[in-house]
Amino acid sequence: MFLVKNKTTLTTAQVLKTLLLSATLIGVSAHSALAKNSDTPIRFAKGALSSTVTGQLKPNENERWYRFDASSRQYAIINIAPLTGTPETANVGVLHMPNGTQDGTKGGIIYQGCLPATGTYRLRIARNLMATQGRTAGYSVEVIVLPKYASESLCEYL
């Protein structure tokens, strides 16, 4: 009898864990889908290799998200620079790749290399929370994505 009761308790615990994990995953997926829809698209003019976006984070904002589509093995460079006329610079950039990886750093060129997957790339621009005084933080971000034919020699050994 004791063994049957333990098995029932164990099964109930497993069901509860599974339900909790499922609810968490659904919530994360819904939040991720909502976040991607609110990302600002980075648009490239027809035939252009680069696009520049500028913006400002208000004192109560810590980050802003952008998105663009690219193919695997396209060579990309993403550079963050200060925005003239703003007291602080949002200089943290992190590129979230379609395959789940991410890469980035503070200021200057935050990504340079061959893109690993085809799909939508998400770019997070943020203020450096260790070096902020909570004022408006501006930024200018240049995104360069070379076409496949121009990327071939740069990405051939990957």
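**Salt bridges and strand pairing in a predicted model**

The side chains of R135 and E88 meet in a salt bridge, with 3.8 Å from N to O. R135 lies in the loop between β9 and β10, which spans 137-145, and E88 lies in strand β5, residues 88-89, so this pair ties together parts that are 47 residues apart in sequence. Before I go on, please keep in mind that this is a predicted model.

How exposed are the two partners? R135 counts as partly exposed because its relative accessibility is 39%. E88 counts as buried, because its relative accessibility is 9% and the cut-off for buried is under 20%. The pair also has company: salt bridges that share partners join E88, R127 and R135 into one network.

How many salt bridges are there by this rule? The count comes to five. I will take two others in turn.

One of them is between R122 and D39, where the closest N and O atoms are 2.6 Å apart. This pair links distant parts of the chain: R122 is in strand β9, D39 is in the loop between α1 (2-38) and β1, and 83 residues separate them. Are R122 and D39 buried or exposed? Both are buried.

Another salt bridge brings together the side chains of E63 and R124, at 2.6 Å from N to O. Here too, distant parts of the chain are linked, with E63 in strand β3 and R124 in strand β9, 61 residues apart. E63 has a relative accessible area of 35%, so E63 is partly exposed. R124 is partly exposed as well, because its relative accessible area is 23%, and the buried class stops under 20%. As general background, side chains of opposite charge can pair when their charged atoms come close.

Next, the strands. Strand β3, residues 63-70, pairs with strand β9, residues 119-126, in the antiparallel sense, over eight bridges. Within this pairing, which residue of β9 stands opposite W65? That is R124, the residue whose side chain meets E63 in a salt bridge.

β3 has another partner, strand β1, residues 40-41. Two bridges join β1 to β3, and these strands run parallel. In that pairing, P41 stands opposite R67 in β3. So much for the strands.

Now a loop residue, N99. Where is N99? It is found in the loop between β6 (92-96) and β7 (102-106). N99 is partly exposed, because its relative accessible area is 42%, and exposed would need over 50%. The side chain of N99 makes a polar contact with the side chain of T101, at 2.7 Å. Leaving aside residues up to four places away in sequence, N99 touches P116 and A117. The C-alpha atoms of N99 and G119 are separated by 8.5 Å, and those residues are 20 apart along the chain.

Last, E152. This residue is found in helix α2, residues 148-155. E152 has a relative accessible area of 54%, so it counts as exposed. Which distance separates the C-alpha atoms of E152 and Y75? They are 8.4 Å apart, with the two positions 77 residues apart along the chain.

To recap on the salt bridges: R122 and D39 are both buried, E63 is partly exposed, R124 is partly exposed, and in the pair I opened with, R135 is partly exposed while E88 is buried.

Definitions and conventions. Residues are numbered from 1 along each chain as its sequence is written. This is a predicted model: local features need pLDDT of at least 70, side-chain atom pairs count only at pLDDT 80 or more; totals for chains, interfaces and linings use all residues. Side-chain values use heavy atoms; hydrogens and water are left out. Helices (H or I, at least four residues) and strands (E, at least two) are DSSP runs, numbered from the N terminus. Buried means under 20% relative accessible area, exposed over 50%, partly exposed in between (1.4 Å probe, protein chains only). Contact means heavy atoms within 4.5 Å. A polar contact is a pair of N or O atoms within 3.5 Å; within protein, one must be able to donate a hydrogen and the other to accept it, and residues adjacent in sequence count only if both atoms are side-chain atoms. Two strands pair if DSSP finds at least two bridges between them. A salt bridge is a side-chain nitrogen of Lys or Arg within 4 Å of a carboxyl oxygen of Asp or Glu.
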